[in-house]
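Trainee: I would like to go through this model with you. Where do we start?

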Amino acid sequence: MTDRAAIRAEAARLRALFEAEGARPVETAVLQPAEVLLDLYGEDIRARAYITSDALRGEQMLRPDFTVPVVQMHMEHGAEPACYTYSGEVFRRQEDDPDRANEYMQVGVELFDRTAPEAADARVFALIYNALQPLGLRAATGDIGILMAAVDALRTTERRKRALARHIWRPRRFRALMERYSGRAKTPESRAALLAKPDPMAGAGPMIGLRSEAEILSRIKALKEDAATDPISENEVALIDAILGVRETSDNALEQLRDIAVDMPAIQPAVDRLAWRLEALEARGIEIENLDFEASYGRTNMEYYDGFVFGFYAENRPDLPPVATGGRYDALTRQLGQGREIPAVGGVVRPGLVVDLGGLS
Amino acid sequence: MSLKLGVPSKGRLMEKTFDWFGDRGIELGRAGSDREYAGYVQGIDNVELVLLSAGEIPRELAAGRIHLGVTGTDLVREKLGQWDRVVEELAPLGFGQADLVLAVPTVWVDVNTLDDLDAAAAAFRLTHGFRMRIATKYHRQVREFLRDNGVADYQLVDSQGATEGTVKNETAEAIADITSTGDTLRANHLKILEDGLILRSQATLFRARRAAMEEADRTTLRTLLAKLALD
């Protein structure tokens with residue numbers, strides 16, 4: 001058990017570093033309304049957060065992260081641009097691994113800036129990179145925006161693109177959808193049988209539940225349209241695979257993505273943004289020829305990030321979770337703001353892990 | 001000290017367990033009246049029968065308050081994190097078979113696979129403004145199963161009984177529950193998804209890995225396992 005006082009001291013040091021770079025300290029409540037978080041993250045958050053309740057306020061969650069309350073606070077009464085820092089405990093329910101902490105400190109920074117997103121990305125990354133420099137960690141980076149742009153560029157129906165975009169963070173289902181849309185996977189027998197029936201509702205049994213006949217018929221119509229749609233071409237499948245396979249130092253990754261963009265011009269703007277971000281990182285003294293980039297990074301465990309993503313890892317301690325993680329989460333602000341959007345990027349450090357690795361001083 | 005054996009305290013599960021041990025020369029039974037939860041063991045010395053609700057047996061095994069226990073695999077997996085580190089499966093007992101399955105209204109002719117369920121859930125959320133509700137008491141297993149299969153836009157609602165009725169009562173759109181024959185599902189106009197089998201469960205004899213044992217208990221356990229032909 002690492003000494004709590006040492007962790008608090010490390011957290012204070014980190015926060016002071018962020019404050020010295022212009023971040024304003026903020027506090028949030030430990031108990032958060034569960035509804036917002038459940039709506040945002042879905043059932044997965046229930047497995048990861050402690051939920052409690054009372055008769056007055058209903059279901060409350062022990063803060064699983066700071067991002068959502070900080071975004072809400074900023075959207076209510078923040079002036080722009082704004083940069084915030086915070087430190088405190090977060091709580092994560094553990095059902096399987098007794099070695100994972102269910103309560104730990106986080107120190108974070110969140111930056112809201114509409115003017116130059118790539119410069120903002122670089123600023124947040126550099127803040128954390130510089131703070132953690134003494135630990136000699138490996139930084140991993142990625143950019144979900146490139147895959148999103150590629151999906152959007154596919155020559156297929158809007159419905160298929162929406163389905164793929166919805167599953168960007170669930171690689172297994174994404175893969176299954178690609179297989180089906182490209183004609184590589186066979187249509188399940190039951191679906192083929194359904195589509196062949198002249199009256200699909202014949203003998204279907206009584207209508208029960210909230211999902212109405214109109215909803216069932218509308219999906220059947222969509223399935224019929226989809227069955228009549230041309231498969232996504234081999235060429236486009238190969239391009240998506242090529243993007244997902246990019247795993248290189250950042251300078252080489254950029255070259256590879258530029259090559260791919262020749263065949264898929266629609267991803268060019270996203271690739272340009274990567275180039276601007278790398279310039280901004282270089283301007284902050286980060287050697288991009290030593291910075292790893294992986295196009296599929298952040299797809300499995302960072303569901304609300306939709307652009308730049310990063311994590312810092314202790315390579316000689318593979319048993320530890322990442323010491324810091326972060327990224328851009330514009331879509332999250334769009335959902336929380338009910339139409340309003342504030343481009344945002346942020347990151348968190350776990351001072352407990354910093355102490356485990358020998359500390360910053 | 002004696003070796004403690006936890007067995008379901010009532011119903012078919014208890015009787016079948018008694019039969020299973022009886023067939024192997026160990027007679028288990030309830031002492032006194034039907035209301036009294038005390039038991040006896042004949043055919044082996046130093047084994048104590050503890051009658052418990054099947055749902056409590058996983059917890060008692062995990063706490064080491066009983067050394068052996070008979071309960072369903074479904075309950076062990078639902079209630080114990082890293083269950084295979086906490087208990088050892090000694091033998092499936094061949095009864096109490098039940099499958100944990102995902103079922104939807106039969107009238108959903110467009111939904112037969114998890115892929116369909118996921119697509120229907122996305123559309124449902126857009127139409128109704130909330131996530132499709134799946135009623136169950138097996139939260140962990142259902143959540144893990146749906147996560148592994150990449151199904152999104154659903155929520156689990158707790159249902160401790162009469163789960164098959166939740167769809168008709170409009171408190172859920174789909175269910176995940178234990179079924180042995182599927183009759184109750186059919187009677188409630190529900191069908192199992194083609195790839196909706198979450199777990200095959202049956203009554204199983206478990207050993208608690210962390211229960212404290214004296215040397216005499218170890219000898220008793222060896223004798224017992226020999227009699228049960230599990231050594």
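Mentor: We start with one residue. In this predicted model, A150(A) touches L239(A), I240(A), I243(A), M264(A) and I267(A), leaving aside residues up to four places away in sequence; touching, or contact, is when C-beta atoms placed from the backbone lie within 7 Å. Residues are numbered from 1 along each chain as its sequence is written, and chains are lettered from A in the order in which they are written. Local features need pLDDT of at least 70 and side-chain atom pairs 80 or more, while totals for chains, interfaces and linings use all residues.

Trainee: Which helix gives the most to the largest nonpolar core?

Mentor: A nonpolar core is a set of buried Ala, Val, Leu, Ile, Met, Phe, Trp, Tyr and Cys residues joined through C-beta atoms within 7 Å, and buried means that 20 or more other C-beta atoms lie within 10 Å of the residue's own. The largest one has 85 residues, and A150(A) is among those that touch the most other members. Nine residues of this core come from one helix (a DSSP run of H or I, at least four residues). That helix is α5 of chain A, residues 117–132.

Trainee: Why does this core lie between two domains of chain A?

Mentor: Domain bounds come from an automatic or database domain assignment. The core lies between them because residues are given to it by both domain 1 (4–150 + 238–356) and domain 2 (156–233) of chain A.

Trainee: How many residues are in the other core, the one with V109(B)?

Mentor: This core lies apart from the one in chain A. Its members include V109(B), M132(B), Y138(B) and Y154(B), and its size is 36 residues.

Trainee: Which element supplies the largest share of the side of chain B that touches chain A?

Mentor: In all, 34 residues of chain B are in contact with 31 residues of chain A. At least two residues each come from α5 (114–128), α6 (139–148) and β9 (154–158) of chain B. The largest share is eight residues, from α5(B).

Trainee: How far apart are the C-alpha centres of domain 1 and domain 2 of chain B?

Mentor: Chain B is divided into domain 1 (3–96 + 202–227) and domain 2 (98–201). Seven residues of domain 1 of chain B are in contact with eight of domain 2 of chain B. The C-alpha centres of these two domains lie apart by 32 Å.

Trainee: What is the mean pLDDT of chain B?

Mentor: pLDDT is the predictor's confidence in each residue, from 0 to 100. In chain B, 98% of the residues reach 70 or more, and the mean is 92.

Methods:
Two residues are in contact if their C-beta atoms, placed from the backbone, lie within 7 Å. A residue is buried if 20 or more other C-beta atoms lie within 10 Å of its own, exposed if 12 or fewer, and partly exposed in between; C-beta atoms are placed from the backbone.
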